[in-house]
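User: I'm new to this structure and would like to learn how to read it. Could you walk me through it, one feature at a time?

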Amino acid sequence: MFFPGDPLNEVDLILNAVPDEKGRARMVARQIAMLGMPVLDTVGYEYDIVVRGERQTPFEKPGQ
């Protein structure tokens, strides 16, 4: 999982090994509102792993 705005995303070998820009974008978590949390500086993220289909999470191919 990668986080939005992390400066190391630009040089990460795993993230940048995915050739499809939309595929890379699916590997970056989305920040979500943490409504109802007692601590105001709480940050939450959502990250979906899709096993199959058009929006499946990119994985390494065997032999790479």
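User: Which residues form a nonpolar patch on the surface, and about how much accessible area do they have together?

Analyst: Before we start, this is a predicted model, so local features need pLDDT of at least 70 and side-chain atom pairs count only at pLDDT 80 or more, while totals for chains, interfaces and linings use all residues. Residues are numbered from 1 along each chain as its sequence is written, and side-chain values use heavy atoms, with hydrogens and water left out.
Now, patches are made of residues with over 30% relative accessible area and no salt bridge; like charges are joined within 9 Å, and nonpolar side chains (Val, Leu, Ile, Met, Phe, Trp, Tyr) within 5 Å. The areas come from the Shrake-Rupley method with a 1.4 Å probe, and for residues only the protein chains shown count as cover. Here the patch consists of M1, F3, V43 and Y45, with about 370 Å² of accessible area together.

User: Where does Y45 lie, and is Y45 buried or exposed?

Analyst: Two ideas help. Helices (H or I, at least four residues) and strands (E, at least two) are DSSP runs, numbered from the N terminus. Buried means under 20% relative accessible area, exposed means over 50%, and partly exposed is in between (1.4 Å probe, protein chains only). Y45 sits in strand β2, which covers residues 44-46. With a relative accessible area of 34%, Y45 falls into the partly exposed class.

User: How many aromatic pairs are there, and how do I describe one?

Analyst: A pair of aromatic rings is described by the distance of the centres and the angle of the planes. The rule is that rings of Phe, Tyr and Trp (its six-membered ring) pair if their centres lie within 6.5 Å; planes under 30 degrees apart count as stacked, over 60 as edge-to-face and the rest as tilted. That gives one aromatic pair here. The ring centres of F3 and Y45 are 4.9 Å apart and the planes stand at 75°, so this is an edge-to-face pair. Because F3 is in the segment before α1 and Y45 is in strand β2, the pair ties together parts that are 42 residues apart in sequence. F3 is partly exposed, at a relative accessible area of 36%.

User: Which residues make up the largest nonpolar core?

Analyst: A nonpolar core is a set of buried Ala, Val, Leu, Ile, Met, Phe, Trp, Tyr and Cys residues joined through side-chain atoms within 4.5 Å. The largest one has five residues: F2, L15, V18, M27 and V28.

User: What does F2 touch?

Analyst: Contact means heavy atoms within 4.5 Å. Not counting residues up to four places away in sequence, F2 touches N9, D12, I14, L15, M27, V28 and A29. Take N9 from that list: N9 lies in the segment before α1 (13-16) and is buried, with a relative accessible area of 11%. With the same sequence neighbours left out, the contacts of N9 are F2, F3, L15 and N16.

User: How many salt bridges does a search of the whole structure find?

Analyst: Side chains of opposite charge can pair when their charged atoms come close. The cut-off for a salt bridge is a side-chain nitrogen of Lys or Arg within 4 Å of a carboxyl oxygen of Asp or Glu. The search finds two. One joins R30 and E46, whose closest N and O atoms are 3.2 Å apart. Since R30 is in strand β1 (residues 30-32) and E46 is in strand β2, this pair ties together parts that are 16 residues apart in sequence. Another joins D48 and R30, at 2.9 Å from N to O. That pair links D48, in the segment after β2, with R30 in strand β1, 18 residues apart. Taken as a set, R30, E46 and D48 form a network of salt bridges.

User: Are those residues buried or exposed, or what else do we call them?

Analyst: R30 is partly exposed at 35% relative accessible area. E46 is partly exposed at 36%, and D48 is partly exposed at 43%.

User: Which residues is Q56 in contact with?

Analyst: Leaving aside neighbours within four places in sequence, Q56 contacts R26, V50 and V51. Q56 lies in the segment after β2, and its C-alpha atom is 8.3 Å from that of G23, 33 residues apart along the chain.
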